[in-house]
Structure formats: C-alpha cells, structure tokens
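Reader: I have a protein chain and its ligand open on my screen. Can you take me through them step by step?

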Amino acid sequence: MFGFIKKALKKTVDNIEENVPKKKKYASPEEIEELLIEADVEYDLVEKIVASLPAKVNRVALKNELLFLFKPANAPQADIKPFVELIIGVNGAGKTTTIAKLAYRYKQEGKSVILGAADTFRAAAIEQLTRWAQKLDVPIVATKQGHDPSAVAYDTIAKAKAKNIDNVLIDTAGRLHTQTNLAEELKKIVRVCGKAMEGAPHRKLLILDGTQGTSAINQAKTFHEMVGVDGVIVTKLDGTAKGGALLSISHELQLPILFVGTGEKMEDLAPFDPNEYVDAILDAIFE
Ligand SMILES: Nc1nc2c(ncn2[C@@H]2O[C@H](COP(=O)(O)OP(=O)(O)OP(=O)(O)O)[C@@H](O)[C@H]2O)c(=O)[nH]1
C-alpha cells in the first residue's frame, strides 16, 4: 500500500519544488509560508501555522505541527452487518467512481457488496453505476429515473439483509433544482435507511473533488450542515497541484479524511495516512 499517496502528490510536490528554494536542513517561517501557499493551503491557516514557528524550523517540528491538523478516523465497527454507507457530494466530484473503488476494496477484503442507485435524478447516474456493478460483478438495486431515491435506499438495505450481504453502498444525487430540495431528499434518505435497519446509515461519506483545492470546503460545509458527514474522501489527488488543500479541508471541517483517489481505475483508492502525506510534502523542501 505504501507510496500511493506520495505518488498521487507528484504534481503538488513538483510545483513546490519549482517555486520554493532548494532543499535544506532548516527553513525560515517565510519559506514555510511559501511552501504552504504553493500547495494551496488556505491563507488563514498558513498564517496560523507560521505564527507558531520559531525563526529556524526543522523538519520534525514542522511535521508535528502539520500532523496536529488532522482529525484521526475512528475505525468502523466491525460487527455491523450489513454496514451501510451513504455516498454524498456534488455531481462530477467522483462519487460513482469512488463507490466502485470502495466496492472493489471490500470485495478484495473478502466481503460481499451491494450497490444502491439512489441518484434517481439523472438516468446517466443510474446507468453509470449499473455498468460498474456489472464490471465488479456485484448486485445493484436500481429503478427508473425520477423514482423515489429513499425507496431505492430502503430496498437495497432490505436486499442486503435478506441475502446476508456485508456492505451496502448507496449513491445519492448531487444536484437538484434547489439546495432545499437536495437537503430534504438527503434527510429523507437518511431517515428511511434508519427504518430499513436501525442505526443505518452507519457512515455518511462526503466525496470532494481534490482538483478544486480549498474551494471544496464551503461545499463540504453545506453537506455537513444538511446531514452530518462522518468522513471525507478526496478524489483526483493525482490530478492536481493543490494537494496541500487537504490540510485546510481536514482542519476547517474537523472531519477525518478516510481515503484519497489516486487515479481513475478501481484499484486507485488509498487509505489516507497523514504521516505519509505530510512526509511527501516536506520532502519538497527539507533534506
Ligand atoms: N485522475 C483521477 N480521476 C478520477 C478520480 N476519481 C474520479 N475520477 C474521474 O472523475 C470523473 C468524474 O467521476 P464520476 O465518478 O463520474 O463523478 P460523479 O461524482 O459520480 O459525477 P456524476 O457521474 O456526474 O454524478 C470521471 O472521469 C472519473 O474517472 C481520481 O482519483 N483520479
């Protein structure tokens, strides 16, 4: 597993190396400031980090400072079956692909998976998820466009219970006519999941497009206010030089980053390891 995050941060690190002075043992707060800005950390947070630094900063001190910004993830409770996860986020963030990646991962762990196509707002979303289900050889519950998404969520959980399936992944719409509609729909899906199985959904995962950098934060806050998010997955980390935004995302939202997308294939999902992440960024300026 090791090395995927570092590889996915290549564009971010290349950009820092091009713009920030060469490698060294110690860096000044001004150099650290440049490093963080180049990596797309939000300026408020950059200021906060830099304010606490001494005149000469070594790698270990800065690493500890940065690691502190990440909220650790709770391990999911292992004995819940089916374990129901609701996948939320705006269209285009990478929801469908990430559902496929999670399903692939669970299958690799020897678990059975079912998908629920509860983004019934767009026919294309249902088709895309159905194609992934075929490719992954996992069952899917899907209806026609326009049907009640919470009914799809209910049916998916009911089928998982009847067939003794381990993991349920439910897709949701990312955009309706208004934000109020979207909030109401998501809340209803959450309520109905709870009716299908007490305690469900067990995790509400927010998918954020990493190429948006820190501008994904406000979007995340909106979803968090709507339904309460348990963890974040940042997609397309490989496609951006804005990899430093993960520091701001984690710190501002006070939510754990659980996985990052490192490519377009179904294997390209890496568990997020703050240690590896911070090391990769610091490699750009420290010896
Ligand atoms: N390079 C890269 N591309 C990704 C990653 N995750 C998703 N993508 C691509 O991003 C695009 C959007 O992903 P989708 O999964 O279709 O996004 P979505 O949120 O479901 O969007 P809709 O289908 O429009 O609702 C696709 O072309 C994916 O292949 C990633 O980690 N790295």
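Author: Below, short questions are answered one at a time.

Reader: What average pLDDT does the protein chain have?
Author: This is a predicted model, so confidence comes up first. Of the residues, 99% score at least 70. The model as a whole scores ipTM 0.93 and pTM 0.95. The average pLDDT of the protein chain is 93.

Reader: Which helix gives the most to the shell around the ligand?
Author: The shell holds 19 residues. Among the closest are Gly 94, Lys 95 and Thr 96. Two helices, α6 (95-108) and α7 (123-136), each supply at least two residues of the shell. The top contributor, with 3 residues, is α6.

Reader: How many residues of that shell are polar?
Author: The shell residues fall into three classes. The nonpolar class has 2 and the charged class has 5. The polar count is 12.

Reader: Are α6 and α7 roughly parallel or roughly antiparallel to each other?
Author: Two packed helices are described by the angle between their axes and the distance between the axes. For α6 and α7 the axes lie 10 Å apart, and the angle is about 20°. Their crossing is right-handed. Angles under 35 degrees count as roughly parallel, so α6 and α7 are roughly parallel.

Reader: How are α8 and α9 arranged, roughly parallel or roughly antiparallel?
Author: Helix α8 covers residues 149-162, and helix α9 covers residues 179-196. They pack with axes 8 Å apart, at an angle of about 25°. That angle makes α8 and α9 roughly parallel.

Reader: What is the hand of the crossing of α8 and α9?
Author: Take the same two helices, packed at about 25°. The crossing of α8 and α9 is right-handed.

Reader: Where does Pro 82 lie?
Author: Most residues other than glycine have a negative phi, and most peptide bonds are trans. The bond from Lys 81 to Pro 82 is cis, with omega near -5°. Pro 82 lies in the loop between α5 (59-67) and β3 (83-88).

Reader: In which loop is Pro 201?
Author: The peptide bond from Ala 200 to Pro 201 is cis. Its omega is near -5°. Pro 201 sits in the loop between α9 and β7 (203-209).

Reader: What is the phi of Asp 137?
Author: Asp 137 is found in the loop between α7 and β5 (140-141). It is not a glycine, yet its phi is positive. The value is about 55°.

Reader: How far apart are the end C-alpha atoms of residues 256-269?
Author: An unreviewed UniProt entry places the feature "domain: SRP54-type proteins GTP-binding" at residues 256-269. In the model, this span is 0% helix and 43% strand. Its end C-alpha atoms lie 16 Å apart.

Methods: Residues numbered from 1 in each chain as written. Predicted model: local features only at pLDDT ≥ 70, side-chain atom pairs only at ≥ 80, totals over all residues. Near = placed C-beta within 6 Å. Helix = DSSP H or I, 4+ residues; strand = E, 2+ residues; numbered from the N terminus. Nonpolar A, V, L, I, M, F, W, Y, C, P; charged D, E, K, R; others polar. UniProt positions renumbered as here; feature names shortened; annotations may be inferred. pLDDT = per-residue confidence, 0-100. Axes fitted to C-alpha atoms, helices over the stretch in contact; angles between N-to-C directions. Parallel < 35°, antiparallel > 145°, perpendicular 65-115°, else oblique. Left-handed = near helix turned anticlockwise from the far one by under 90°.
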